[in-house]
Amino acid sequence: MTTVLRYAAFTSTPDGGNKAGVVPDATGLTDHQMLALAAELGYSETAFLTADREGRPRHYDVRYFAPAMEVPFCGHATVAAAVAMAELTGPGDLVFETGSGTVPVTVAADPNGVLRATLTSVEPHVLDVEPADLQEALAALDWQPADLDPSLPPRFAYAGARHLVLAAATRQRLADLAYDFDRLAAFMTAHQLITLQLVWRESATVFHVRDPFPVGGVVEDPATGAAAAAFGAYLRELGQAPGDTVLTLHQGEDLGSPGLLHVELRTGDPRVRVSGAAVRLP
C-alpha cells in the first residue's frame, strides 16, 4: 500500500496555498503509476520520494508529476515534501535530487511552531522573448500590448523549470484572467514552459502573481515556487532587485486560496531561495 500524504504549501492554514501530494516512499512505482496517482489526486503536482541511492541520510531522489505530465522541478511540492519529511524525521537540512539538479532545503519551525521550508534553486538564467512569441502568448491570454507594464519587459526565466514572465499594468488586468486553454497549452509546449508567471507590482518588493498551467492539465496553479524562483532571477537580471533582496509574492487570492511566498536574493550567489510554510491537510 502506497502512503500518500496531502499538504497545502505556502500557507499556514489548510484552506489556503497550493495543495500537493507527497509520497514519502515511491520505491517500486512505475512512471505510469506515478502519473495515474497524480491524476487521481488532481493537485497541480505530487512529489514522489525515494531514498538516496548512495545511502546518504536526509538525501532523496524526487520526481514531480502533474495530472497530465512529469515536470522537472516543482517548488510548492518541494516545500510540502520537505515539511512532510521534517514531520517524519525532524527539522533541519534536506537535499532533494530533482530532474533539474540538486536542491537543498532547510526546514525550521517559526515562533508559532509552524514548519517553514526554504529551498535553494539550481542556477537560473533569463532569456529575451521574440516579438512573434510575445504576440502569440498575448493572443492566447486575450491580452493587448497595452495591458503590459513597460517597466517589466517580457522574458523567459528558468530556475529549475522554464516560465514566461509577463507583467500586467494593473491589478484588474491580473484579476481578469480568462484564457484559451488549448492555444496557451500549445504555445507552452512549443517553448517548453511549465507555467506563465503573470505579475503585478504593488511596490518594489511586493508583487501579486498568477500562474496558468494548462500543460499540466490544470487551469491555474495557486502558488508556484519554481516560478517564484525564476521571477527572482528575472528581477535581478533586469537590475530591479540589486544586492541582498527579499521579495514578497501574493498568489492564489483570485482563486480564494491565498498563499504567501518569500523570495531571497543574495549578493554573490546566483541561486534563488524560496520560502514558505506548509500544513498537512485533515
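1. Asp 52 is placed in the loop that connects strand 3 (45-51) with strand 4 (59-65). The model under review is a predicted one. With a relative accessible area of 10%, Asp 52 is buried, because the limit for that class is under 20%. Two polar interactions of its side chain deserve mention. The side chain of Asp 52 reaches the backbone nitrogen of Glu 54 at 3.1 Å, and it also makes a polar contact with the side chain of Arg 56, at 3.0 Å. When residues up to four places away in sequence are not counted, Asp 52 touches His 59, Tyr 60 and Asp 61.

2. Helix 1 (residues 31-41) has Met 34, Leu 37, Ala 38 and Leu 41 as buried residues. These cover an arc of only 100° around the axis, and therefore sit on the same side of helix 1. An α-helix has 3.6 residues a turn, so residues three or four places apart point the same way. His 32 and Glu 40, on the other side of helix 1, are exposed. The packing partners of the buried residues of helix 1 are strand 1 (5-9), strand 2 (18-23), strand 3 and strand 4. After helix 1 comes Gly 42, which has a positive phi near 80°.

3. The next point concerns consecutive strand pairings. Strand 6 (residues 92-98) and strand 7 run antiparallel and are joined by seven bridges. They form a hairpin with two residues between the strands. Within this pairing, Gly 92 has Val 107 in strand 7 as its bridge partner. On the strand 8 side, Val 107 stands opposite Ala 117. Val 107 can thus be used as a reference position when the two pairings are inspected together.

4. Strand 7 (residues 101-109) is also joined to strand 8 (residues 115-120), in the antiparallel sense, by five bridges. Ala 109 has Leu 115 of strand 8 opposite it. The hairpin of strand 7 and strand 8 has five residues between the strands, and Gly 113 in this hairpin takes a positive phi near 85°. Strand 8 pairs further with strand 17 (residues 269-280), again antiparallel, over five bridges. In that pairing, Leu 119 stands opposite Val 274 of strand 17.

5. What aromatic pairs does the structure hold, and how many? There are six of them. In one of these, Tyr 64 and Phe 73, the ring centres are 5.9 Å apart and the planes meet at 85°, so the pair is edge-to-face. Tyr 64 counts as buried at 0% relative accessibility, and Phe 73 is buried as well, with a relative accessible area of 2%. In another, Phe 231 and Tyr 234, the centres lie 5.6 Å apart with the planes at 20°, so this pair is stacked. A pair of aromatic rings is described by the distance of the centres and the angle of the planes.

6. Phe 231 and Tyr 234 both belong to helix 6 (residues 225-237), where they are three residues apart, about one turn of the helix. Both Phe 231 and Tyr 234 are buried. Ring pairs link these two residues with Phe 207 into a cluster.

7. A charge over a ring is also found. Arg 162 lies over the face of Phe 156, at 4.4 Å from the ring centre.

8. Asp 149 is located in the loop between helix 3 (131-141) and strand 10 (155-158). Is this residue buried or exposed? At 16% relative accessibility, Asp 149 counts as buried, because the class is set at under 20%. The side chain of Asp 149 makes a polar contact of 2.7 Å with the side chain of Ser 151. Neighbours within four places in sequence left aside, Asp 149 is in contact with Ala 167, Ala 168, Ala 169 and Arg 201. The C-alpha atoms of Asp 149 and Trp 200 are separated by 8.2 Å, although these residues are 51 residues apart along the chain.

Key. Residues are numbered from 1 along each chain as its sequence is written. This is a predicted model: local features need pLDDT of at least 70, side-chain atom pairs count only at pLDDT 80 or more; totals for chains, interfaces and linings use all residues. Side-chain values use heavy atoms; hydrogens and water are left out. Two strands pair if DSSP finds at least two bridges between them. Helices (H or I, at least four residues) and strands (E, at least two) are DSSP runs, numbered from the N terminus. Buried means under 20% relative accessible area, exposed over 50%, partly exposed in between (1.4 Å probe, protein chains only). A polar contact is a pair of N or O atoms within 3.5 Å; within protein, one must be able to donate a hydrogen and the other to accept it, and residues adjacent in sequence count only if both atoms are side-chain atoms. Contact means heavy atoms within 4.5 Å. Rings of Phe, Tyr and Trp (its six-membered ring) pair if their centres lie within 6.5 Å; planes under 30 degrees apart count as stacked, over 60 as edge-to-face and the rest as tilted. A charge sits over a ring if NZ of Lys or CZ of Arg is within 6 Å of the ring centre and within 35 degrees of the ring normal. The arc is that of the directions from the helix axis to the C-beta atoms.
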